[in-house]
Amino acid sequence: MTHTNLIFRSLTRRKGRLLFTLLGIMIGMASFVTFMALGGSLKSQIEQESAALGANLVVTPKGSCAYEQVSILTGEQLPTTITKDEVAAIRSIEGMQAIPYLAERSAIDNRPVSVMGILPEETRVFKNWLLAQGEYFPEETADGAVLGSVLAEQFGLNPGAEVRIRGADIKVLGVLEETGGKDDLTVFLSLPVAQQLYEQKDLVSYVAVRVDRLDEVELYANKIKDKVSLGVVSDKQMRGSVLSIVGTVNMTLQMIAAVAILAAAFGIVNTMMTATYERKREIGILQAMGATRNGVFKLFLFESGIYGLIGGIGGAVMGGLAAVFATPYISQNAATSFVKGSQSSFDPIMFAGAILFSTLVAMVAGLYPAIKASKLSPVEAISYE
Amino acid sequence: MNDPVITAKGLVKEYGNGATLVKALRGVDLDIPNGSFTCIVGPSGHGKSTLMHLLGGLDHPTSGTVVIDGQDMFRLGNKELAGLRAKKIGFVFQFFNLLQSLTAMENIETALMLAGVPEKEQKTRAKELLDMVGLGEKANAKPGQLSGGQQQRVAIARALANDPPVLLMDEPTGNLDSEAEAEVMNVLETLNRQGKTVIFVTHSNEIASRADIIVHVRDGQTQLPQELRKAC
């Protein structure tokens, strides 16, 4: 006989109660693990593929925006465009995606519109554009224009029509689906065509950059500054608010899980209190046989710890399975589609942590019953019937 | 008469306070000679069990001392007292002596474990003890599968686990029919002949008649012990 044996024999004595208490902990821990996995995947999703955010860095010529005033003060002639070599240098940095744009203006029916020279394929992927009508640029240097949806509607332009830009009649190839942004009001040309029209050979206005890991934006901003002498603007505010939303969602999920665990913990308290009353006599006998108060305390404490350990393992497995198998279904729902791909976030450290946490919670829950049990006087325990 | 193995002096035990004060023991002096078979007899509610609990160190007196084998029990800390119970005294109670979830063998092993006997030796010793009370073949039976007399014999075997000099019994046969009672008494008498000091609480005069010393407890006080067979 060992102490461990004795604890297991006490545990398995009431099998029904053991099972139900364990189920309580398992469900609590399962929801905890599931929510952590979902929350974790949400975060890694946003950090890894920040597609939803568009660009998180913009490389601008020194002559634009804030730099203009500097040029007035110093009298220095600052460039207002970025050269082909600079673009190539920026695009050579790994771990980020850089898309050059030539931003110009034109007018249709005497109303100003913005004209954008783009790398058709890369930009389409970068911006997740979908085509509403007509066709997209069939090749990288294709003639013709693709219009934003609002602009097309405003001017009644359909595929096949022509728009006059800088004196050239350009055929409308297609119209994009509405994006909700300023792209809806823009005429897109392929970059070489735009450069030619606006006589900006090999020049672009800015480069939009999206880094692979959102938390390393600053690092990449510095890498770019090291390579080229250009301005780099990062959208810290955007990033901050997105990360804080992720944090809030995570927090909410964790709080729900915490409630489940708390309920399970009280289940353990209840089970152990019942055990204390039920085994009062046994406690007295153990004491008469020479068990110390500390010994009785430990027996009860470890007994609840084992509830936590087994429940934690069961819960972590259940939660892990739920996270892996259930999330594809969850992600089909538009409101929860952000959790897609959570399989990748199944984390052995979190798994072990959950089991440890569950054991600790159970032992804390068992503290009061264990103290009660150890405080029983042997005589009181033996006289109990 | 042998030297006393247990000496109680001025034992007072009170429960409650004020109007509800109950004086269970009102100053008991008692010597239990080594190797004796002592019966504590008296009507219910007169303090027999309280006296036994104090002699066994299960409870603390309001005042007074109990010295067992030269050690003043109530000067010991909780841990030392528990150790003393494990090594010096074997207890058998009237009801539910055994841990119900464990087999006869495991009940005995648990007592050995509490005294710090290594697991390997526990099995050998437990088997010896069960053989000694004639229950070697019931080693793997749970208490529920044993008769009352058998359960008490297992309890006695368990009380003997750590070879204590003193066995303290609180009406161990109070719940048994006469056949089972005879089984238990035989075991106890054998043990007593082998040198164990047996202290036996009972209200049965028939059992008391088999003792060396009878201590009458009445109204929380002892009357002079009557020494019978082994009178000095």
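**Chain A against chain B**

Reader: How many residue pairs are in polar contact across the interface of chain A and chain B?
Author: The rule finds five such pairs across this interface, both residues being at pLDDT 80 or more. A polar contact is a pair of N or O atoms within 3.5 Å; within protein, one must be able to donate a hydrogen and the other to accept it, and residues adjacent in sequence count only if both atoms are side-chain atoms. This is a predicted model, in which local features need pLDDT of at least 70, side-chain atom pairs count only at pLDDT 80 or more, and totals for chains, interfaces and linings use all residues. Residues are numbered from 1 along each chain as its sequence is written, chains are lettered from A and ligands numbered from 1 in the order in which they are written, and side-chain values use heavy atoms, with hydrogens and water left out.

Reader: What makes Glu106(B) and Arg9(A) a salt bridge?
Author: A salt bridge needs a side-chain nitrogen of Lys or Arg within 4 Å of a carboxyl oxygen of Asp or Glu. The closest N and O atoms of Glu106(B) and Arg9(A) are 2.4 Å apart, so the pair meets the 4 Å limit. The count between chain A and chain B is one salt bridge.

Reader: Which residues take part in the contact, and how many from each chain?
Author: Contact means heavy atoms within 4.5 Å. Chain A gives 23 residues and chain B gives 30 residues.

Reader: What is the area buried between chain A and chain B?
Author: Buried area is the accessible area (1.4 Å probe) that two parts lose on being put together, summed over both. For chain A and chain B it is about 2,400 Å², and carbon and sulfur atoms give 65% of that. Met1(A), Arg9(A) and Met289(A) supply 30% of the area that chain A buries against chain B, more than any other three residues.

Reader: How many salt bridges does the structure hold over all chains?
Author: Over all chains there are 20 salt bridges. The pair that crosses between chains runs from Glu106(B) in helix α3 (residues 104–114) of chain B to Arg9(A) in helix α1 of chain A. Helices here are DSSP runs (H or I, at least four residues), numbered from the N terminus.

How values were computed: Helix = DSSP H or I, 4+ residues; strand = E, 2+ residues; numbered from the N terminus.
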